[in-house]
Amino acid sequence: MAILSINNLTFRYKNKFVFDNFNLEVERGSWVTIAGPNGAGKTTLVKILAGLEKSYADITIFNKPLNKKNMYDIRREIGFVFDNPDNFFACETVEDELAFSLENLGVFPNTIKKKIKDVAKILKLDDLLKENPCDLSGGEKQKVALATALMLEPRILVLDEALLMIDVKERDEILKTLKEYNKQKRVTILSFTHNLEEAIYSDRLIILNKGVITIDGAFPEVFSEERVMRKIGLEVPFAIELSEKLKVYNIIDHMELDLERLVSLIWK
Amino acid sequence: MEVIFKDVSFSYNYKMENEKVALKNINLCFESNLIHGIIGPIGSGKSTMLELMNGISLPTKGEIIIGKYNLNKKNFNFNKFRYDVGLVYQFPEKQFFCNTVGEEVAFAEKIFSPKNKNIKSKVIKVLKMVGLDESYISRSPFSLNGGEKRRVAIASVLISNPKLLIMDEPTIGLDNNSKKRLMRMLKKLKTMYSKTIIIVTHDVDMLYEIVDNVVVLNKGEVVVEGNKLNVFANVELLEKNKAPVPNVVKVEKMIYDKTGIDLGYLPDMNSLVRAIKETKEELEVVSYE
């Protein structure tokens, strides 16, 4: 069942069309990654879903049309994490930042404390709770922004280049954690990125180019289209690119996403 | 332009209750006309180091000498210094404030050399350096795509012809084509315009292709530094300090662990593929004989 559907989306900046009759349906509990090069329309789509840009479209989220009347109720259940968390911090400590939204909803302090403990544990933020979020490094700030979104237990989590400043190792750990979260709580994840390495735990990968869906498929089979991805300027995961080059010399016979399995395949 | 750190330490909220040590006893020399990379896990002090190099923060202990400038000197003239040292922040395009690309790029030159009558030709020259033609001058910087915006931001730093270019995560948020173009541009700035470039990044695959030297930081201290080949040869040390390892090096190490075969220095993926192919062919010949 679709938790989000966009029909006939048309949007333009001045005279330039970003979307012209764009359609998308996202299943409940799925993890969909929408990837595309700079200028593909990713951030515009996030802004439209967040109600920050007005568009002509028939958008339904949680079976309710996205309009002025339903905006508050819909937004209440979507967690948005943007690429530049600096713009969102309002409190002097990470702990207060995490508590902020729930305090405003009148949740009991003890419940908030417990939730902060749980979320901090998931994202390894325990040591940073007393720090000022503005004093943290870029990657730490992004983790706090993600934690703030998880505090509200959203039904849909929208990530707009949300792991950009986090280093590869930590990013992989966070992606694994999010996958568990996605499975256990049936949270729908909609991830917007230009980095296909971030799509490895997705159920579905959509490639957006100039406002049009160019590729839409299940993961990882969708990488059979890796040439198209590269042509429009996307960086294909290292293991996929290496597999493709080794296949040309008949050193391996199929693509591998995992480097260790790929090395075993080379020297089997 | 050489950058020297002499026993430098830095703390945020120095001598306050919530003092946070960011860098400890750093002794480093970034040589002229090379590309240097600084890597390390999040919170290791990378961006702090860049802020110290531009005089945005001053060390709480030690001395920083950049070319002819000693940043610790009393009554230091930062205006002159900033003309020679260009800093490109993370997401520099988010600081645009002019209506056109031309005005945006010319801004620093108007401040530093108000009497200069050739600003327009200088703007055209730096736009060319970053791969943008004259038609961009009248365009709004806000209407450009991510890669173009980044290049305009770099051009607005290059206008004052800095000898040292400091960049914080220059490839962040860029797609592959924009990233490759930026890497080519940085190489060109080093070889054709003799710039010293210092890059902080976690994009270690990009770094592996373009840098000469690397500094690895962890918890505010230097773990290892030097020529990239020596630094990246020590995979265990990098992993122990949660520093990223280039994928080419990672695969080489896996092959070595599995087969005992050392493929030698491989600068990129194409040379890795060639080395694997040739090694496999040699092994086949040996086993046939």
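User: Which residues line the largest cavity in this predicted model, and what makes that space a cavity?

Analyst: In this predicted model, the lining of the largest cavity is made up of A:W31, A:L159, A:E161, A:A162, A:L163, A:L175, A:S191, A:F192, A:T193 and A:E198. The space is called a cavity because a 1.4 Å probe fits there but cannot get out, and about 40 Å³ of space lies in it.

User: How many cavities does the rule count?

Analyst: With a threshold of 30 Å³ or more, the count comes to 1 cavity, and the value of about 40 Å³ given for the largest cavity meets that threshold.

User: Why is the pair A:R227 and A:E244 called a salt bridge?

Analyst: The definition asks for a side-chain nitrogen of Lys or Arg within 4 Å of a carboxyl oxygen of Asp or Glu; the side chains of A:R227 and A:E244 meet with N to O at 3.2 Å, so the pair satisfies it. Between domain 1 and domain 2 of chain A the count is 1 salt bridge, and the rule also finds 2 residue pairs in polar contact across that interface. On the side of domain 1 of chain A that touches domain 2 of chain A, the residues divide by class into 5 nonpolar, 1 polar and 4 charged.

User: How do you know that the two domains of chain A touch, and where do they lie in the sequence?

Analyst: Domain 1 of chain A covers 2-233 and domain 2 of chain A covers 237-268, and their centres, taken over C-alpha atoms, are separated by 31 Å. Contact is judged on heavy atoms within 4.5 Å rather than on centres, and by that rule 10 residues of domain 1 of chain A are in contact with 7 residues of domain 2 of chain A. The area buried between these domains is about 660 Å², with carbon and sulfur atoms giving 71% of it. On the side of domain 1 of chain A, A:E197, A:F223 and A:E226 supply 54% of the area buried against domain 2 of chain A, more than any other three residues.

User: What makes B:E236 and B:K253 a salt bridge?

Analyst: The closest N and O atoms of B:E236 and B:K253 are 3.4 Å apart, which is within the 4 Å limit, and so the pair counts as a salt bridge. Across the interface of domain 1 and domain 2 of chain B the rule finds 1 salt bridge, together with 4 residue pairs in polar contact.

User: What area do the two domains of chain B bury between them?

Analyst: Domain 1 of chain B (3-245) and domain 2 of chain B (246-289) bury about 900 Å² between them, 65% of it on carbon and sulfur atoms. In domain 1 of chain B, the residues that lose the most area to domain 2 of chain B are B:D205, B:Y208 and B:V245, which together account for 55% of what that side buries.

User: How do you know that chain B and chain A form an interface, and why is the pair A:E235 and B:K179 called a salt bridge?

Analyst: In this model 40 residues of chain B are in contact with 38 residues of chain A, and the area buried between the chains is about 3600 Å², of which carbon and sulfur atoms give 65%. B:I42, B:H202 and B:M269 supply 18% of the area that chain B buries against chain A, more than any other three residues. The side chains of A:E235 and B:K179 meet with N to O at 2.8 Å, and because the limit is 4 Å, the pair is called a salt bridge. Across this interface the rule finds 1 salt bridge, and the count of residue pairs in polar contact is 5.

Methods. Residues are numbered from 1 along each chain as its sequence is written. Chains are lettered from A and ligands numbered from 1 in the order in which they are written. This is a predicted model: local features need pLDDT of at least 70, side-chain atom pairs count only at pLDDT 80 or more; totals for chains, interfaces and linings use all residues. Side-chain values use heavy atoms; hydrogens and water are left out. Domain bounds come from an automatic or database domain assignment. Buried area is the accessible area (1.4 Å probe) that two parts lose on being put together, summed over both. A polar contact is a pair of N or O atoms within 3.5 Å; within protein, one must be able to donate a hydrogen and the other to accept it, and residues adjacent in sequence count only if both atoms are side-chain atoms. Ala, Val, Leu, Ile, Met, Phe, Trp, Tyr, Cys and Pro count as nonpolar, Asp, Glu, Lys and Arg as charged, and the others, Gly among them, as polar. On a 1 Å grid over the protein atoms alone, a cavity is a set of points where a 1.4 Å probe fits but cannot get out, and a pocket is an open set with protein on both sides within 12 Å along at least five of seven lines; lining residues have an atom within 4 Å of a point. Grid points are joined across faces, edges and corners, and a volume is the space filled by probe spheres set on the points.
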